[in-house]
Amino acid sequence: MNTIAAIATAAVPSAIGVVRVSGPDCFAVCEAVFRAPGSKSFAALEPRKMVLGDVLDAQGRVLDHGLAVRFPAPHSYTGEDCAEFHCHGSPIVLQELLDALFAAGARQARAGEFTRRAFLNGQLDLTEAEAVIDLIEAETAAAARNAAGQLSGSLRRETEGLYQSLLDLSAQFYAVVDYPDEDIEDLGPAEIRRVLTDAEARLSALLATCARGRILKSGVATAIVGRPNAGKSSLLNALAGYDRCLVTNIPGTTRDTVEESVVCGGVRLRLIDTAGIRETEDTVERLGVERSRRAIESAELVIVLIDSGDLHCGPLCDEDQEILALAQKAPHYLIAASKSDLRPAGHCSIIQLPQGAREPEAFLSLSSVAPDGLRLLEETVAEIFPEGEAGAATILTNARQEEAASRARDAVVRAQGSLDAGLTPDAALADVEDALSALGELTGRTVREDLVDRIFARFCVGK
């Protein structure tokens with residue numbers, strides 16, 4: 001295997017930049033670009049201890065004064081001999097150091113190659129490798145905590161326990177079949193059923209985490225809807241923290257959907273500011289209204305904005321009733337009376353819902369300009385999408401994991417069906433083998449190379 005090197009930090013000026021090296025000739029390559037105090041060889045530096053010295057370019061000239069640290073195999077990130085250089089974060093300095101490493105025999109690392117080598121060398125399983133990119137891409141504290149938990153092996157430990165229990169079942173059966181003269185206790189249907197029942201329960205519990213995993217990974221698709229000038233664009237701007245949308249007092253300013261990702265109540269919302277829903281003769285605005293309707297249909301959460309000045313403790317107007325009817329089709333919806341800062345204290349804010357209408361998760365007042373005007377919205381979003389128990393990180397966070405776990409559970413259910421139908425244990429054990437194969441794909445024991453390529457293609461160079 002070649003020795004690889006890459007810049008591991010962003011290609012912008014910064015206080016510190018990091019260059020990583022890994023491979024069989026790592027320390028010899030690093031010897032050519034680093035001069036330690038007392039002319040000590042790089043391979044003789046104390047492992048896992050930062051050493052200050054001269055960083056050299058390809059011609060042996062001093063490029064920077066920086067820190068170097070070496071990680072002998074197998075106690076390193078990749079499982080190979082590894083090293084890192086921590087220099088001043090000038091992109092020029094880092095590139096010159098990288099060129100010097102290339103001149104000494106290293107090659108440019110491909111995207112995700114350090115983590116791929118860690119996987120191939122048994123330092124990480126596939127769920128832990130995926131947690132690395134999830135941690136890098138985390139946009140909320142909850143997502144970061146979950147990724148850190150998975151990187152420490154929470155999902156691996158759960159699936160490994162399942163795998164071993166099913167493997168023991170299969171091994172016991174085949175031992176009895178292959179060695180009939182040995183005194184090996186045979187497995188009865190009751191024992192097989194016990195193991196299968198436990199496996200189904202654990203896999204079902206794991207699959208039940210998929211919804212939470214999707215929220216952590218991708219956020220909640222959220223549509224902000226209402227009549228023209230209800231304050232939809234002002235709300236999106238307030239949540240985004242900058243003027244993402246044009247805001248005027250002219251009805252129909254927003255004629256298309258506008259999207260922005262924000263964090264509200266610790267939850268990532270993929271906000272869609274929609275065109276005001278109303279009947280219009282304007283062709284462009286009418287197209288925007290149709291897009292608004294489609295956005296509502298695909299949203300997980302709908303925030304219905306009603307100008308608090310339009311509330312008179314009576315029935316809603318026809319347009320607001322139509323908007324509410326659309327919003328109730330979403331899994332979650334709430335009603336917010338906007339522009340509360342413009343209304344006197346005690347202003348009527350009661351909404352009389354149409355008969356038979358589903359109650360919203362909450363009815364609240366908000367202001368996009370007043371201090372603390374969004375606090376109730378943030379608290380409500382956090383209640384609708386709770387983070388879950390602190391430290392609970394056994395969550396499936398992507399479609400690959402969900403599909404493999406689903407196939408494993410389906411195989412276990414089939415095995416139970418075989419026993420219930422009175423078939424011999426060997427029929428059930430064939431399905432157990434399918435479950436083992438699916439669990440192997442989940443953790444990377446038996447994963448295909450093309451799938452591994454696809455997973456690591458998401459990584460940046462240097463990781």
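This is a short chat about the cysteines and nonpolar cores of a predicted model.

Biologist: How many disulfides does the structure hold?

Modeller: Zero. Bear in mind that this is a predicted model.

Biologist: Why is there no bond at cysteine 26?

Modeller: The closest cysteine sulfur to that of cysteine 26 is in cysteine 30, 4.1 Å away, which is too far for a bond. A disulfide needs the two sulfur atoms within 2.5 Å.

Biologist: And is cysteine 30 buried or exposed?

Modeller: Cysteine 30 is buried, with a relative accessible area of 0%. Cysteine 26 is buried too, also at 0%.

Biologist: Switching to packing. Which residues have the most contacts inside the largest nonpolar core?

Modeller: Val19, Phe34, Phe42, Phe85, Leu97 and Leu101, in a core of 26 residues.

Biologist: Which elements give two or more residues to this core?

Modeller: On the strand side, strand 1 (4–7), strand 2 (14–22), strand 4 (51–56) and strand 6 (82–89). The helices are helix 1 (26–31) and helix 2 (91–103).

Biologist: Which of them gives the most?

Modeller: Helix 2, with six residues.

Biologist: What is leucine 97 in contact with, leaving aside neighbours within four places in sequence?

Modeller: Leucine 97 touches Val19, Val33, Val55, Leu56, Leu63, Phe85 and Cys87. Of these, Val19 and Phe85 are also listed among the residues with the most contacts inside the core.

Biologist: What about a second core, which residues does that include?

Modeller: The second core is separate and has 25 residues, including Ile215, Leu271, Leu364 and Leu377.

Key:
Residues are numbered from 1 along each chain as its sequence is written. This is a predicted model: local features need pLDDT of at least 70, side-chain atom pairs count only at pLDDT 80 or more; totals for chains, interfaces and linings use all residues. Side-chain values use heavy atoms; hydrogens and water are left out. Buried means under 20% relative accessible area, exposed over 50%, partly exposed in between (1.4 Å probe, protein chains only). A nonpolar core is a set of buried Ala, Val, Leu, Ile, Met, Phe, Trp, Tyr and Cys residues joined through side-chain atoms within 4.5 Å. Helices (H or I, at least four residues) and strands (E, at least two) are DSSP runs, numbered from the N terminus. Contact means heavy atoms within 4.5 Å.
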